[in-house]
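This briefing takes up a single chain and works from its sheet to its core and then to selected residues. Please keep the sequence and the structure in view while reading.

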Amino acid sequence: MDKTNTIILPSFLRRTMKAYILKAYIRQQGCELNRIGRSRNWQLKANFEQLQTIIAFVDLSNEPSWLWVAKLLRSEYKHLTHDELIKIASTLEELTISALIARTDCTIVQARSIIDELEGLD
């Protein structure tokens with residue numbers, strides 16, 4: 001089962017225009033998006049694949065007020081474990097260092113280590 005990431009979206013509705021579209025898309029992906037109590041902050045629970053889908057949607061949209069959400073979600077890439085990186089790398093069609101870095105935002109050292117391990121060079 002995929003690890004679920006919990007991300008706090010501070011002042012979500014105040015910072016995003018047309019938030020209803022983004023909220024609908026996030027929920028359509030099977031993510032949990034809830035307001036935290038009576039505060040302005042919202043909480044998003046999603047796995048890595050769902051985060052990537054949301055980031056791609058935000059990047060392809062023409063709404064500049066959503067870009068902070070994509071930036072915040074990209075910061076979750078730093079919390080990927082070695083096993084998660086291997087799982088992601090094994091799903092790539094073309095396994096290269098640059099493709100792995102582009103997909104997961106990992107370091108060059110991590111990418112080389114993952115590729116060596118998958119190719120049996122460890």
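In which sense do strand 2 and strand 3 pair, and over how many bridges? The model is a predicted one, and in it strand 2 and strand 3 pair in the antiparallel sense, over 4 bridges. The points below place that pairing in the sheet, and then turn to the helices, the core and two individual residues.

**The sheet**

- The sheet is open and is formed by 3 strands in the order 1-3-2, with antiparallel pairing.
- Strand 1 (5-9) and strand 2 (32-35) stand at the edges, and because each has a single partner strand, one side of each is left without a neighbour in the sheet.
- From one strand to the next, the twist averages 20 degrees.
- Strand 1 pairs with strand 3 (residues 42-46) in the antiparallel sense over 5 bridges, and within this pairing the bridge partner of T6 is K45 in strand 3.
- On the side of strand 2, L33 stands opposite L44 in strand 3.
- The hairpin of strand 2 and strand 3 has 6 residues between the strands, and in this hairpin G37 takes a positive phi near 55 degrees.

**Helices on the sheet**

- Strands of a sheet pair through backbone hydrogen bonds, either parallel or antiparallel.
- Against the sheet described above, in which strand 1 and strand 3 pair over 5 bridges, helix 3 (residues 48-60) packs so as to touch strand 1 and strand 3, and its direction makes about 120 degrees with that of strand 3.
- Helix 4 (residues 67-74) also packs on the sheet and touches strand 1 and strand 3, while its direction makes about 145 degrees with that of strand 1.

**The nonpolar core**

- The largest nonpolar core has 33 residues, and those with the most contacts inside it are L9, F12, L44, L73 and L100.
- Two or more residues of this core come from each of strand 1, helix 2 (19-28), strand 3, helix 3, helix 4, helix 5 (82-91) and helix 7 (108-118).
- Helix 3 gives the most to this core, with 5 residues.
- F12, leaving aside its neighbours within four places in sequence, is in contact with A19, L22, K23, L33, R40, W42, W68 and V69.

**Helix 7**

- A111, I114 and I115 are buried in helix 7.
- Seen down the axis of helix 7, its buried residues fall within an arc of 95 degrees, and therefore they line one face of the helix.
- These buried residues of helix 7 pack against helix 5 and helix 6 (97-104).
- Just after helix 7, G120 takes a positive phi of about 80 degrees.

**Two residues outside the helices and strands**

- S65 is found in the loop between helix 3 and helix 4, and S65 is buried, with a relative accessible area of 15%.
- The side chains of S65 and E63 are joined by a polar contact of 2.9 Å, and, not counting residues up to four places away in sequence, S65 touches R15, T16 and M17.
- T4 is found in the segment before strand 1, and at 45% relative accessibility T4 counts as partly exposed.
- Leaving aside its neighbours within four places in sequence, T4 is in contact with K45 and A46.
- T4 and C31 are 27 residues apart along the chain, and their C-alpha atoms are separated by 9.5 Å.

Notes. Residues are numbered from 1 along each chain as its sequence is written. This is a predicted model: local features need pLDDT of at least 70, side-chain atom pairs count only at pLDDT 80 or more; totals for chains, interfaces and linings use all residues. Side-chain values use heavy atoms; hydrogens and water are left out. Two strands pair if DSSP finds at least two bridges between them. Axes are lines fitted to C-alpha atoms, for helices over the stretch in contact, and angles run from 0 to 180 degrees between N-to-C directions. Contact means heavy atoms within 4.5 Å. A nonpolar core is a set of buried Ala, Val, Leu, Ile, Met, Phe, Trp, Tyr and Cys residues joined through side-chain atoms within 4.5 Å. Buried means under 20% relative accessible area, exposed over 50%, partly exposed in between (1.4 Å probe, protein chains only). The arc is that of the directions from the helix axis to the C-beta atoms. A polar contact is a pair of N or O atoms within 3.5 Å; within protein, one must be able to donate a hydrogen and the other to accept it, and residues adjacent in sequence count only if both atoms are side-chain atoms.
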